[in-house]
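Visitor: Before we start, could you show me what we're looking at? I'd like to ask what the labels rest on.

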Amino acid sequence: MKSGINRRRLGKTGLYVTELSFGAMNLRLMNFIEESYELLDYVLDQGINLIDTARTYNGENKQGQMVESEVLVGNAIRRRTDLKEPIVIITKGHGYVPEDYKTDLFESLSKLGVEGKGSLKIGGNDIKLVYFFHGLNDTRWKTMKESGVLDLAQESKKEGLINYIGFSSHYANAAEIKEALDTGIFDVAELPYNIFNRSLGEDGAINLLEYAYNKDVGIVNMKAFNGTIMVPIYKMLKDMISIDYPTMLNFCLSNPFISTVDAGAKSVEEFRQDIETALGNRLSIREIEKYKSEADVIAADMDGICRECMHCLEKFSCPQGVDFPGVLSLYSRYTVGEKLNKDTSELFKLYTDKGLRVEDCIECGLCLEWCEYKLDIPDMLKKARDIFETV
Ligand code: SF4
Ligand code: SF4
């Protein structure tokens, strides 16, 4: 195993993790299960010692097999006999009240194949388990504070079922993130930050990355690429700027308050490029300022667009059967394309070919809490209908 990647302290866990880590969310998007194992083996071969998964990172792969990220991660670690150090695993659950917390936690332990208490193992390999509350937002945080689930999480840490406690959250929840950091309960937090959206970092009312760092909470940086599958939108925007994927990653790696940047590669080749960036030099202050200025030119065009991240579908589907992320993604590509005077005719064909319809939306608003970018989904659906269904 190689170990050339620099390590940083993961806050008060005291663990030293590779500054590039692996996000296992996209394992479900790969063609074959074997490809997922090949990628996980590559990650471990490179000496990466933090893997980030979640209870809900499940889905059907291209062969129609149900894929569970936790199962793949657990199996990949179990079959290794050459790991020289404990792998740090983050997994996340949606249990914001004690009963749901217990159900999700035990399900995750079982899917990962974690054994023991305190000194946790998967197969013959030691691991460190950081258990996260997934997607902390205003309503979930209120529930967590009132339900007693935070006490339960601390008990499971004392009992040794998990080693550390963390949470993930998103841009719209700065106030809740600060409050959660202030509790002193959390060892690690996973937050979005990238060159296009620095609102939880230096552009926020409070630099929460720095705030967490000063409280010794380890920061896992997600969304370094500003939304995992935002390729169609990015393709439309990238001829306006010189910021490529390695630059986006290097920008995050250059932030001293971040413990590790979580890259969710979908192939060995993609992760090989991420490794190359991680092994290279960090950006200078001058380069950082230059790229920030460039990013700010197009940042406004990225507001209010669907990133096609599909997080909204992890635990929710529209009761009326509306494929709202499908509609929103085409609507977003359309609005950006029109601003840039690009040909958008292909999007109309895609809308028809995918059989997308908005008419069943009753504007109940149930989907709103599941969009991590806080998009006004019912409103965007109406606008999409006016564009795509009136031709
Ligand atoms: S607002 Fe429309 S798309 Fe959203 S859950 Fe309700 S019916 Fe479905
Ligand atoms: S609707 Fe929101 S959560 Fe769903 S894919 Fe779009 S940006 Fe992501």
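Guide: Here's the yardstick for burial: a residue is buried if 20 or more other C-beta atoms, placed from the backbone, lie within 10 Å of its own, exposed if 12 or fewer, and partly exposed in between. Helices (H or I, at least four residues) and strands (E, at least two) are DSSP runs, numbered from the N terminus. The model is predicted, so local features need pLDDT of at least 70 and side-chain atom pairs count only at pLDDT 80 or more, while totals for chains, interfaces and linings use all residues. Residues are numbered from 1 along each chain as its sequence is written, with chains lettered from A and ligands numbered from 1 in the order in which they are written.

Visitor: Let's try helix H4, then: which of its residues are buried?

Guide: In H4, which spans residues 138–147, the buried ones are Arg140, Trp141 and Met144. They cover an arc of only 100° around the axis (taken from the directions from the helix axis to the C-beta atoms), which puts them on the same side of H4. An α-helix has 3.6 residues a turn, so residues three or four places apart point the same way.

Visitor: And what sits on the face of H4 turned away from its buried side?

Guide: That face carries the exposed residues Asp138, Thr139, Lys142 and Glu146. The cover over the buried residues includes strand E10 (125–136), helix H5 (149–159) and helix H6 (174–183); contact here is two C-beta atoms, placed from the backbone, within 7 Å. After H4 comes Gly148, with a positive phi near 90°.

Visitor: Why is helix H2 called largely enclosed by the rest of the structure?

Guide: Because seven of the ten residues of H2 (residues 69–78) are buried. They are Ser69, Glu70, Leu72, Val73, Gly74, Ala76 and Ile77.

Visitor: What makes Cys306 count as buried?

Guide: Cys306 has 27 C-beta neighbours inside 10 Å, so it passes the cut-off of 20 or more. Cys306 sits in the loop between helix H11 (285–299) and helix H12 (324–339). Its contacts, leaving aside neighbours within four places in sequence, are Pro325, Leu328, Ser329, Ser332 and Leu375. Cys306 also turns up beside ligand 2, where it is one of the nearest of 13 residues, along with Cys309, Cys312, Pro325 and Cys371. A residue is near a molecule if its C-beta atom, placed from the backbone, lies within 6 Å of it.

Visitor: Which residues come closest to ligand 1?

Guide: Cys318, Val322, Cys361, Cys364 and Cys367, out of 13 that surround it. By class, the ligand 1 shell has ten nonpolar, two polar and one charged residues, whereas the ligand 2 shell has nine nonpolar, one polar and three charged. Ala, Val, Leu, Ile, Met, Phe, Trp, Tyr, Cys and Pro count as nonpolar, Asp, Glu, Lys and Arg as charged, and the others, Gly among them, as polar.

Visitor: How do you know where the largest nonpolar core lies?

Guide: Domain 1 (7–299) and domain 2 (311–388) both give residues to it, so it lies between them. Those bounds come from an automatic or database domain assignment. A nonpolar core is a set of buried Ala, Val, Leu, Ile, Met, Phe, Trp, Tyr and Cys residues joined through C-beta atoms within 7 Å. This one has 113 residues, and Val73, Ile89, Leu191, Val327 and Leu328 have the most contacts inside it. E10 gives the most to this core, with seven residues.

Visitor: How far apart are the C-alpha centres of the two domains?

Guide: The centres of domain 1 and domain 2 lie 27 Å apart. Eleven residues from domain 1 and eleven from domain 2 make the contact. On the domain 1 side, helix H8 (residues 231–237) gives the most, with four residues. That side divides into five nonpolar, six polar and no charged residues.

Visitor: What makes the phi of Asp216 worth a look?

Guide: Asp216 has a positive phi of about 65° although it is not a glycine. Most residues other than glycine have a negative phi. Lys223, also not a glycine, has a positive phi of about 65° too.

Visitor: Are Asp216 and Lys223 buried, exposed or partly exposed?

Guide: Asp216 has 14 other C-beta atoms within 10 Å, between the two cut-offs, so it is partly exposed. Lys223 has 27 neighbours inside 10 Å, so it counts as buried. Asp216 is in the loop between helix H7 (208–214) and strand E13 (218–222), and Lys223 is in the loop between E13 and H8.
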